[in-house]
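Trainee: Before we start, could we go through some of the labels people put on a structure like this one? I'd like to see how each is justified.
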Amino acid sequence: MDVAGLDDLLRRARRRDPDALSRLVELYSERVFGLLYRLTGSREAAEDLLQETFLRVVRSIEDYEHTGRFESWLFRIAANLARDRARRHDRPPVASIDEVDVDAGRRVPAGDDPVAHVADGDERRRLEAALARLPDLDREIIALRHYSELPFREIAEMLGVPLGTALARAHRALVRLRRELGEES
Amino acid sequence: MTEALDNLERQVEREMGLLHALGATPLRAECLAAVQAAVAAEVARQRRQRDLWRALRGPLGAAAALLLAFGWASSLPPTSRTDPETWLQDWGTALDASRSRLSNAVEEGWTRGAADSELDDLFRSLDDTLTRFESL
């Protein structure tokens with residue numbers, strides 16, 4: 001969606017236009033869900049948090065001042081919810097590797113039974129497992145970059161860390177992933 | 001320093017390509033529908049709340065003024081006028097009583113069916129309270 005289109009959509013959403021809000025859900029659900037799934041390691045938890053994320057959007061969109069950073073605002077809500085959940089459950093945000101493995105590679109086209117779909121690649125499965133083993137903040141940084149598509153500068157700001165720290169952590173995480181996947185040259 | 005950061009950023013951006021192997025994380029259609037429904041329900045709930053508030057704001061303001069006056073007038077003992085501390089305490093008690101009456105009024109909806117004699121009493125209480133104000 002172009003900038004003007006998003007501006008118009010957000011203007012309508014701020015007036016609680018149900019169609020506009022529905023469109024926002026449609027536009028961003030998959031990416032927000034992807035992030036939440038990576039941060040929680042559980043499809044069920046990610047689905048719950050996805051709903052909570054959009055409910056928070058509805059409740060607070062009047063306070064959101066559109067400055068072209070809607071995605072940053074939206075993904076911040078989602079990431080905060082994932083972090084809160086991890087704290088509430090007193091455990092790392094990502095579930096056990098076994099749990100991640102069960103879900104790994106599961107592609108679920110609309111309307112299909114998720115269980116009917118099997119992993120579509122060993123690489124993907126190994127990558128998911130390696131991702132789950134990363135330190136929380138490292139994983140959060142690269143997951144945010146991957147799913148939100150926000151620049152590192154905004155991600156660093158969102159997480160309250162200097163840009164250099166965010167980049168260094170992302171670099172370390174990616175090196176580690178490559179090593180675990182045996183791709184290091 | 002800036003150049004070093006720029007170089008690191010470029011390098012990390014290149015390496016981020018590794019995550020493309022994750023592919024999409026598709027959402028179940030049922031989940032998307034549930035989110036849409038929850039959002040629609042929340043919008044409807046907020047609209048109802050806003051409409052209710054708009055409808056009640058006027059009557060509630062008037063009722064609050066009347067009930068405050070009524071509560072104050074009926075709870076204020078004659079002796080308290082000369083003792084500021086007691087007077088203040090009584091005022092607090094009266095205020096609590098008014099809040100409670102206001103709450104009852106809103107919950108029971110007396111504003112719709114209050115008898116004329118009841119309203120007359122309230123207005124008399126208001127007059128009485130205003131007289132008290134003048135004597136302070």
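Mentor: Sure, and keep in mind that this is a predicted model. Let's begin with A:Arg16, which sits in the loop between α1 (3-14) and α2 (18-40) of chain A.

Trainee: What makes the phi of A:Arg16 worth a remark?

Mentor: Its sign. A:Arg16 isn't a glycine, yet its phi is positive, at about 65°. Most residues other than glycine have a negative phi.

Trainee: And why is A:Arg16 called buried?

Mentor: Its relative accessible area is 8%, and buried means under 20%, so A:Arg16 gets that label.

Trainee: Where is A:Glu149, and what is its phi?

Mentor: A:Glu149 is in the loop between α7 (136-148) and α8 (152-159) of chain A. It has a positive phi of about 65° as well, and isn't a glycine either.

Trainee: Is A:Glu149 buried or exposed, and how do you know?

Mentor: Exposed: the relative accessible area of A:Glu149 is 53%, and the cut-off for exposed is over 50%.

Trainee: Next, A:Thr53 in helix α3 (residues 43-60) of chain A. Why does A:Thr53 count as buried?

Mentor: A:Thr53 has 0% relative accessibility, and that falls under the 20% limit. Leaving aside residues up to four places away in sequence, A:Thr53 touches A:Val32, A:Leu36, A:Leu74, A:Ile77, A:Ala78 and A:Leu81.

Trainee: Over to charges. What makes A:Asp136 and A:Arg139 a salt bridge?

Mentor: Side chains of opposite charge can pair when their charged atoms come close. Here the closest N and O atoms of A:Asp136 and A:Arg139 are 2.9 Å apart; the criterion is within 4 Å, so the pair qualifies. They're three residues apart in helix α7 of chain A, which means a separation of about one helical turn.

Trainee: How buried or exposed are the two partners, A:Asp136 and A:Arg139?

Mentor: A:Asp136 is partly exposed at 36%, whereas A:Arg139 is buried at 2% relative accessibility.

Trainee: How do you know that A:Asp138 and A:Arg172 form a salt bridge?

Mentor: The N to O distance between the side chains of A:Asp138 and A:Arg172 is 2.7 Å, and the limit is 4 Å. This pair links distant parts of the chain: A:Asp138 is in helix α7 and A:Arg172 in helix α9 (residues 163-180) of chain A, 34 residues apart. A:Asp138 is buried at 0% relative accessibility, while A:Arg172 is partly exposed at 46%.

Trainee: What about chain B: what makes B:Arg45 and B:Glu42 a pair?

Mentor: Their closest N and O atoms lie 2.9 Å apart, which is inside the 4 Å criterion. B:Arg45 and B:Glu42 are three residues apart in helix α2 of chain B, so about one helical turn separates them. B:Glu42 is buried at 6%, and B:Arg45 is partly exposed at 35%.

Trainee: Which residues are in the network of salt bridges with B:Glu42 and B:Arg45?

Mentor: A:Glu52, A:Arg56 and A:Arg59 are linked with them. Over all chains, the structure holds 25 salt bridges.

Trainee: Last one: which residues form the positive surface patch?

Mentor: B:Arg47, B:Arg50, B:Arg54 and B:Arg57. Take B:Arg57, in helix α2 (residues 29-75) of chain B: its relative accessible area is 48%, and patch residues need over 30%, so B:Arg57 passes that cut-off.

Notes: Residues numbered from 1 in each chain as written. Chains lettered and ligands numbered in written order. Predicted model: local features only at pLDDT ≥ 70, side-chain atom pairs only at ≥ 80, totals over all residues. Heavy atoms only, no water. Patch = residues over 30% accessible without salt bridge, like charges linked within 9 Å, V, L, I, M, F, W, Y side chains within 5 Å. Areas by Shrake-Rupley, 256 points an atom, 1.4 Å probe, with all protein chains shown as cover. Lys, Arg positive; Asp, Glu negative; His and termini not counted. Charge placed at Lys NZ, Arg CZ, Asp CG, Glu CD. Helix = DSSP H or I, 4+ residues; strand = E, 2+ residues; numbered from the N terminus. Buried < 20%, exposed > 50% of the residue type's maximum accessible area, 1.4 Å probe, protein only. Contact = heavy atoms within 4.5 Å.
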